[in-house]
Amino acid sequence: MVGLGFRYWLAGYRTGEIGCWEKAWRAYADAMGPSAAKQALTGLSGWVRAVNLHAQRPLEMPAVDCEGFCPDECVAIAMIAACQHNACPAMRACAFSLLGCSMIDEVVHGAESFAATMRGADQILLPAYVHGASLLAMRPATPMSQ
């Protein structure tokens, strides 16, 4: 849910295609019901908007219908898992990696809010997502101007 939501919402911001956001709505509504989906997508949109606005490096994004997740999506998933499991250093490391800069406060706040909303809807990521392969997939932060 987190990975697909991140993909669909970021694609919607980048392309302006409402169909991307509609895919997110259908996926969340099917899994959680309309009421919980509305709350979750409100949190998702705030978090992804902050990532999109503050990223100082190009985020890797596969095609909307691609199977599997790219490294940046894995880091986004790990960030929400870290929020849900109170792993602050890992969550902050994910934010630094996604943004490529130290201006992470708005993204962290958005991630915490979205993670709490997902937890309230019984959508809790496994703690394994905080550690392991998704954190190893993180690239060093580099500014876009290099």
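# Exercises on an all-helix model

The crossing of helix 1 and helix 3 is right-handed. That is a good place to start with this predicted model, and the exercises below work outwards from there.

**Exercise 1. Describe how helix 1 and helix 3 pack, and decide which orientation class the pair belongs to.**

Step 1. Begin with the geometry: helix 1 covers residues 2-15, its axis runs 9 Å from that of helix 3, and the angle is about 60 degrees.

Step 2. Now classify. Roughly parallel needs an angle under 35 degrees, and roughly perpendicular begins at 65. Helix 1 and helix 3 are therefore oblique to each other.

Step 3. Look for the residues that meet. From helix 1 these include F6, W9, L10 and Y13, and from helix 3 they include L41, L44, W47 and V51. Keep F6 and W47 in mind for Exercise 3.

**Exercise 2. Do the analysis again for helix 1 and helix 2: what are the angle and the distance between the axes?**

Step 1. Helix 2 spans residues 18-32; the two axes lie 7 Å apart, at an angle of about 160 degrees.

Step 2. An angle over 145 degrees counts as roughly antiparallel, so helix 1 is roughly antiparallel to helix 2.

Step 3. Check the handedness: helix 1 passes helix 2 in a left-handed crossing.

Step 4. On the helix 1 side, V2, G5, Y8, W9, A11, G12, Y13 and T15 take part, and they meet C20, W21, K23, A24 and Y28 of helix 2.

**Exercise 3. Find how many aromatic pairs the structure holds, then work through two of them.**

Step 1. A search of the whole structure gives four aromatic pairs.

Step 2. Take Y13 and W21. Their ring centres are 5.7 Å apart and the planes stand at 75 degrees, so this pair is edge-to-face. Y13 is partly exposed, at 29% relative accessibility, and W21 is partly exposed too, at 25%.

Step 3. Turn to W47 and F114. Here the centres are 5.6 Å apart and the planes are at 15 degrees, so the rings are stacked. The pair joins distant parts of the chain: W47 belongs to helix 3 (residues 34-54) and F114 to helix 6 (residues 105-120), with their positions 67 residues apart. W47 and F114 are both buried.

Step 4. Bring F6 back in: together with W47 and F114, F6 makes up one aromatic cluster.

**Exercise 4. Compare two residues of helix 4: is E73 buried or exposed, and what of C74?**

Step 1. Locate them. Helix 4 runs over residues 71-84 and holds C74; E73 is found there as well.

Step 2. E73 has a relative accessible area of 0%, so E73 is buried. C74, at 22%, is partly exposed; the cut-off for buried is under 20%.

Step 3. List the surroundings of E73. Setting aside neighbours within four places in sequence, E73 contacts G3, F6, R7, M61, P62 and G68.

Step 4. Finish with C74: V2 is 72 residues away in sequence, yet the C-alpha to C-alpha distance is 9.6 Å.

**Exercise 5. Two residues other than glycine have a positive phi; state where N86 and D122 lie.**

Step 1. For N86, phi is about 55 degrees. N86 sits in the loop between helix 4 and helix 5 (88-99) and counts as exposed at 71% relative accessibility.

Step 2. For D122, phi is near 60 degrees. The loop between helix 6 and helix 7 contains D122, and this residue is exposed, at 66% relative accessibility.

**Exercise 6. Take stock of the whole chain, and say which helix has the lowest mean pLDDT.**

Step 1. Count the elements: the chain has seven helices and zero strands. Of its 146 residues, 44% are buried.

Step 2. Consider the contacts between residues at least 6 apart in sequence: 74% of them join residues at least 24 apart.

Step 3. Turn to confidence. The chain averages a pLDDT of 89, and 89% of the residues score at least 70. Helix 7 (residues 133-136) has the lowest mean among the elements, 47, whereas helix 3 has the highest, 97.

Step 4. Over residues 133-137 the pLDDT is below 50, and this stretch has nine contacts in the model beyond near neighbours in sequence. Where pLDDT is low, predicted coordinates should not be read in detail.

Conventions. Residues numbered from 1 in each chain as written. Predicted model: local features only at pLDDT ≥ 70, side-chain atom pairs only at ≥ 80, totals over all residues. Heavy atoms only, no water. Phe/Tyr/Trp six-rings, centres within 6.5 Å; stacked < 30°, edge-to-face > 60°. Buried < 20%, exposed > 50% of the residue type's maximum accessible area, 1.4 Å probe, protein only. Helix = DSSP H or I, 4+ residues; strand = E, 2+ residues; numbered from the N terminus. pLDDT = per-residue confidence, 0-100. Contact = heavy atoms within 4.5 Å. Axes fitted to C-alpha atoms, helices over the stretch in contact; angles between N-to-C directions. Parallel < 35°, antiparallel > 145°, perpendicular 65-115°, else oblique. Left-handed = near helix turned anticlockwise from the far one by under 90°.
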